[in-house]
Number of protein chains: 2
Amino acid sequence: MLKKILICTCVLLGAYTHAQKDEAVIKSIYKASLTNGKSYDWLNYLSNQIGSRLSGSLGAERAVEYTKEELGNLGLDKVWLQPVMVPKWVRGAKEYAYIETVPGKTTTVNICALGGSVATPSLGIKAQVVEVHDFEELEALGKEMVEGKIVFFNRPMQADLIQTFEAYSGCVNQRYEGAVQASKFGAVGVIVRSMNLRLDDLPHTGSMTYNDLPLESRIPSAAISTNDAEVLSTMLQLDKNIKLYFKTNCKQLKDVLSYNVIGEITGSEFPNEYMLVGGHLDSWDLGDGSHDDGAGVVQSMEVLRLFKTLGINPKRSIRVVLFMNEENGLRGGNKYSEEAEQKGETHVFALESDSGGFTPRGFHFNCSEANYQQALSWQELFKPYLIHYFEKGYAGADVRPLKSKDNVLVGLVPDSQRYFDHHHASTDTFDAVNKRELELGAATMTSLVYLFDKYGIQ
Amino acid sequence: MLKKILICTCVLLGAYTHAQKDEAVIKSIYKASLTNGKSYDWLNYLSNQIGSRLSGSLGAERAVEYTKEELGNLGLDKVWLQPVMVPKWVRGAKEYAYIETVPGKTTTVNICALGGSVATPSLGIKAQVVEVHDFEELEALGKEMVEGKIVFFNRPMQADLIQTFEAYSGCVNQRYEGAVQASKFGAVGVIVRSMNLRLDDLPHTGSMTYNDLPLESRIPSAAISTNDAEVLSTMLQLDKNIKLYFKTNCKQLKDVLSYNVIGEITGSEFPNEYMLVGGHLDSWDLGDGSHDDGAGVVQSMEVLRLFKTLGINPKRSIRVVLFMNEENGLRGGNKYSEEAEQKGETHVFALESDSGGFTPRGFHFNCSEANYQQALSWQELFKPYLIHYFEKGYAGADVRPLKSKDNVLVGLVPDSQRYFDHHHASTDTFDAVNKRELELGAATMTSLVYLFDKYGIQ
């Protein structure tokens, strides 16, 4: 009996000591990120010295060079580039649009071409507008009402959803598939209300598809600012015969060579088990991509820097992957996963940060119940850092192809209220990122990687 | 036995139905705030049409009129003004300061007078500078090293504290009492590092005291931007004989008449039990006081508007109080509490919002264990709104005088990471407030008032 008590006491004491040590390590991680972090300086360079980084652009190329060089300075075990062919879409000259109420009487509105769209003819398009809120409404109108017109998708993001990503999911099919649906009924163009919860003058771009539509059926597609969507809608209520003119100058060029940027700390016990942290290096072209996803890039780099600087030697190999082309193709994410499979690399864990550099609130877990329960058991360790949100959910687009039956995919979940004010718009800039919020995110990611490495995947 | 089971089932069913109803009411509160809220429009007016509202200023006077009128439009049972004499301090012309390394060689630095400070002589002050980090260091230097010099308090806010208000508490005595301490040793002026966690060029004002120092011992006191504090400190390390020149033009005038603005929905069952929600109407003069505390003002007004618009009839009397003069005197808070005591009004609950209009995270409770436990029992109801922080703590300056043994004081706790970027600085402006974050705060306050009114104070 005494022996049993002793063993029991030892186990409890052991667990207690472990917990104490974890508490101390996590404290040191947050302290290092908040007082001597590099993430904000890196982001400053990416945003203000390089700027926007659309796949195939000079900015993307420079970002590859810069981040490879910076990773090279961290004393990692390996740093390399993984080649990947990416689409190259260019916006061309700034877009122009106006509403014409009577011939000669016009009101300018703010639009931008959607990524992947074809351009309007060089003289632009002028046509009557038909406003719809979803594909069912479009179908009900049918060819008779739609042919020769511009389809205006005007379903707003739902303001009473607390998680703004849910509001986004509820709307984004208009942007992504609007052109495919509208062209079925002979529309000549598509205008989509920007995916933005607030009313302002900024058009928000984003990707769209033509699926396998033949070239001649591809109609130009653009986003309109929320304020102007309201104006257009109001004018249509007054007079359904008003016309919209718009001109876009974008072009899809041939695919070009680009790279995922990868760095690794090789694991001391299980070097062939990989734990990945990552964000995407490419961005849209209107802002400088500070939140989407400069933040995720520099936070992911910071995870490995913190491991090195704090002397935490992981048992498993920790990789940072800066994915190319998340925005308009996901070629980087797919390529990474394909090569990992070819090489037989086992990715036991992958954590993506691609929801903005705002105050971190917690994580979305895509994993087994056992691993989820293990993560829940660490909640108390995160409480001092106000990390409280541990839910099952979507981890992110770039890590998704890595999903296996046994591994753990995680998405960092920052506060989402301001995200869509900036997302894919000209206001996604460095000044919209708060240094502390960014650094708290990096520390939160590092702490979770530390715990999963230490205690293993179930 | 059967009877017991039946009773038990009824009680459980009752509790279940109650919880369901609460869930529905709270959902309707959030929805109304996020989709048809008034708080953002009110704040727009307060910030952009009225602007800064320092006690005794025209802005403060107009804010009293405006908010009284707006409360008057809500169909409350009573709206009135409570007279209170407030101090009137004016900044005068913009301050000016430079570092002089050798005669004629100067570097301009950004300063602002602290609220309540006397001005420098009209020609300004030029003197050597002695840098200290706390009062102990000052005392150790003593009269010999301090007399005739400017004392430069340069203790930074601690970046590794997660809650930025703790970092503020750890520094603010330099600003508040610096002049009193420095004048003991014959200093001629005080310069304080701005209470700001980031490095930028903005001086942050705030209140300071002379206690009962005789007039002739009162030395001028100003804040310097964090960037310039770093410059000054670096220059002092290079040469301790450099001089600082500064000129301030502020003045303490006679007290003037102002008002707390009060509105009330009279309770249906316990009209003599008061539940208060409030923020302060006055602000500092450098920005427009959108976060501090325009946000708290409009959120508090919104609480009563939501009760009215959703047809929630409270059992207790709900009062909104927009306090005057929190920033430099607390005369409004004290006056309200004094009159409440004189009239024998029982305040069972008071909720203050004065920590910025950022995403709400939860509450600080200053109350009995029983009431705290009751609040904890409601955590699940708040979970869908990502409200997770239920801790004992400080509720706020304006409601503090109302504290009794039995009542519940609560402070709304928003995300604090960005707060001190704006606090008391020229960047505390409307554009720094996000509409959704503000509205979520108002809904969170309303939900808590609803629950405490329904279930009562323990």
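Analyst: Let's start with a working rule: two residues are in contact if their C-beta atoms, placed from the backbone, lie within 7 Å. This is a predicted model, so the values below are computed from predicted coordinates.

User: Thanks! What makes up the contact between chain B and chain A, by that rule?

Analyst: By that 7 Å cut-off, 23 residues of chain B are in contact with 23 residues of chain A. On the chain B side, the elements that give two or more residues are α1 (2-36) and α13 (435-455) of chain B. The largest share, 4 residues, comes from α1(B). By class, the side of chain B that touches chain A has 9 nonpolar, 5 polar and 9 charged residues.

User: Why do you say that the copies meet through the same surface?

Analyst: Compare the two sides: 100% of the interface residues of chain B are also interface residues in chain A, so the copies meet through the same surface.

User: What makes the relation between the chains a two-fold rotation axis?

Analyst: In general, two copies of a chain are related by a rotation about an axis and a shift along it. Here, a turn of 180 degrees with a shift of 0.0 Å along the axis lays chain B on chain A, with an RMSD of 0.0 Å. The two copies are thus related as by a two-fold rotation axis. If you want to find that axis in the viewer, look for H388(B), whose C-alpha is the nearest to the axis in chain B, 3.6 Å from it.

User: Now the sheet in chain A. Why are β1 and β15 of chain A said to stand at the edges?

Analyst: The open sheet has 8 strands in the order β1-β10-β12-β11-β13-β16-β14-β15 (chain A). β1 (78-90) and β15 (389-392) of chain A each have a single partner strand, so one side of each is left without a neighbour in the sheet. On average, neighbouring strands are turned by 20 degrees against each other, direction ignored.

User: How do you know that β14 and β15 of chain A pair?

Analyst: Two strands pair if there are at least two bridges between them. Strand β14 (residues 360-366) and β15(A) have 4 bridges, in the parallel sense. One place to look is F365(A), whose bridge partner in β15(A) is K392(A). Helix α10 (residues 369-376) of chain A lies across β14, β15 and β16 (408-414), running at about 175 degrees to β15(A).

User: The pairing in the sheet of chain A is called mixed; what is the pairing of β10(A) with β12(A), and of β11(A) with β12(A)?

Analyst: β10(A) and β12(A) are antiparallel over 5 bridges, while β11(A) and β12(A) are parallel over 8 bridges. As pairs to click on, E264(A) stands opposite R319(A) in β12(A), and G279(A) has L322(A) as its bridge partner in β12(A). Between β11(A) and β12(A) the chain passes through α8(A), and this β-α-β crossover is right-handed.

User: Why is β12(A) called mostly covered?

Analyst: A residue is buried if 20 or more other C-beta atoms lie within 10 Å of its own. In β12(A), 8 of its 8 residues are buried.

User: L386(A) and N211(A): what makes each count as buried or exposed?

Analyst: L386(A) has 23 C-beta neighbours inside 10 Å and therefore counts as buried. The cut-off for exposed is 12 or fewer, so N211(A), with 8 such neighbours, counts as exposed. Both have a backbone feature to check: phi of N211(A) is near 50 degrees, a positive value in a residue other than glycine, and L386(A), also not a glycine, has a positive phi of about 60 degrees. N211(A) is in the loop between β7 (189-193) and β8 (221-224) of chain A, and L386(A) is in the loop between α11 (379-382) and β15 of chain A.

User: What joins D292(A) and D293(A)?

Analyst: A cis peptide bond, with omega of about 5 degrees, joins them. D293(A) is found in helix α8 of chain A. In chain B, a cis peptide bond joins D292(B) and D293(B), again with omega of about 5 degrees, and D293(B) is found in helix α8 of chain B.

Conventions. Residues numbered from 1 in each chain as written. Chains lettered and ligands numbered in written order. Predicted model: local features only at pLDDT ≥ 70, side-chain atom pairs only at ≥ 80, totals over all residues. Least-squares fit on C-alpha atoms with pLDDT ≥ 70 in both. Axes fitted to C-alpha atoms, helices over the stretch in contact; angles between N-to-C directions. Right-handed = clockwise from strand over helix to strand, strands pointing away. Nonpolar A, V, L, I, M, F, W, Y, C, P; charged D, E, K, R; others polar.
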